[in-house]
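Trainee: I have a new structure open and I'd like to learn how to read it. Could you take me through it?

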Amino acid sequence: MSQGGGRSLVLIHGAWVTAQSWDTFRQPFEAAGYTVHTPTWPMLEGRSARELNESPPSGFGALTTGSIVDRLQAFITTLPDAPLIVGHSFGGLFTQMLLDRGVGRAGVAINPVPIGGIVPGPTSLTAVLPAVARWNGWNRPYAMSRHVWSKRFANTAPPVLQNSSYDTYVIPTSGRILHQAATWLGTVVRPARRTVPLLITGSQGDRLITPYISKATFNLQRHSLAPTDFTQFADRSHLLIAEPGWEEVAARALDWAARRDVSCDA
């Protein structure tokens, strides 16, 4: 955790990865004076990726979106100032859920899992189908194979990074949250009541959360009276926070925060 100039930033990781996935992305924010926090989900605290792969916590497969957001909200209330919240993938969904609860100074949803009301296209549907079609998948953890990680999550990353990232911070995820995202149970937000700025991103190379989903999220969120912006990256996979070119993603988030005047002290 870095000590900055009184500006808090919360980075929220997504499914299938640990908070270690933010290790490089956080650096420009720390250099810009943010105090960076990378809270993890319930049941994951204090466990390495190796431990989580060898023995997922009991009950982890039934972990819900609501319980994750509750834990994140509880953590954020301990901070000295309302933070900028940046979430990736499921973390982008959680970011929007937190803003919907009135938590945070502003949010950046990087290639976010769709909020309730969005029908995913065939590319995203086929990506989650193996998880949601399993017997009792609602209650069971779901692991992503190295092959699927390379083809779906990190498809534009160099092979060396595909393998090293998989070995370093890829873990199983809750089957329950995948079902919730597919059925809109517990993932609905009300854009009309959001009062703080939100930036949504997409990337053309993403084979997990396609640009269509990111744009559809923006089209729903723009019903807010608060500023709502969208930016798209070319030829980036779902691993855009860690693959080559991640610096541009971080820079756009930083520039957006400055332009929306959300990076100053509250």
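Mentor: We'll go from the whole chain down to single residues.

Mentor: Two ground rules first. This is a predicted model, so local features need pLDDT of at least 70 and side-chain atom pairs count only at pLDDT 80 or more, while totals for chains, interfaces and linings use all residues. Residues are numbered from 1 along each chain as its sequence is written, and side-chain values use heavy atoms, with hydrogens and water left out.

Trainee: How many helices and strands does the protein chain have?

Mentor: Helices (H or I, at least four residues) and strands (E, at least two) are DSSP runs, numbered from the N terminus. Here the protein chain has 10 helices and 6 strands.

Trainee: And how do I judge whether the chain is compact?

Mentor: Take the radius of gyration over C-alpha atoms and set it beside the globule rule, 2.2 Å times the number of residues to the power 0.38. For this chain the radius is 17 Å, close to the 18 Å that the rule gives for 266 residues, so it is as compact as a globular protein of that length. Its C-alpha atoms fill a box of roughly 50 × 35 × 35 Å along the principal axes.

Trainee: What share of the residues is buried?

Mentor: Buried means under 20% relative accessible area, exposed over 50%, and partly exposed in between (1.4 Å probe, protein chains only). Buried residues make up 58% of the 266 in this chain.

Trainee: What about contacts between residues that are far apart in sequence?

Mentor: A contact means heavy atoms within 4.5 Å. Among contacts in the chain with a separation of 6 or more, 76% join residues 24 or more positions apart.

Trainee: Which residues have the most contacts inside the largest nonpolar core?

Mentor: A nonpolar core is a set of buried Ala, Val, Leu, Ile, Met, Phe, Trp, Tyr and Cys residues joined through side-chain atoms within 4.5 Å. The largest one has 72 residues, and Phe25, Trp41, Phe90, Phe94 and Trp149 have the most contacts inside it. Helix α10 (residues 246-259) gives the largest share of this core, 7 residues. A second, separate core has 6 residues, including Ala109, Val196, Leu198 and Phe218.

Trainee: Let me zoom in on Trp149. What does Trp149 touch?

Mentor: Setting aside neighbours within four places in sequence, Trp149 is in contact with ten partners you can list by eye; among them are Val17, Met144, Tyr166, Tyr169 and Leu239.

Trainee: Is Ile200 buried or exposed?

Mentor: Ile200 is buried, with a relative accessible area of 0%. It lies in strand β5 (residues 198-203). Ile200 and Ala109 are 91 residues apart along the chain, yet their C-alpha atoms are separated by 4.8 Å. Ala109 is also one of the residues that Ile200 touches, and others include Pro112, Phe218 and Phe230.

Trainee: Where does Gln27 lie?

Mentor: Gln27 lies in helix α1 (residues 27-31) and is partly exposed, at 43% relative accessible area.

Trainee: Which residue that is not a glycine has a positive phi of about 80 degrees?

Mentor: That is Met43, in the loop between β2 (34-37) and α2 (49-54). Met43 counts as partly exposed at 31% relative accessibility. Trp184, also not a glycine, has a positive phi near 70 degrees. Trp184 sits in the loop between α8 (175-183) and β5, and at 36% relative accessibility it counts as partly exposed.
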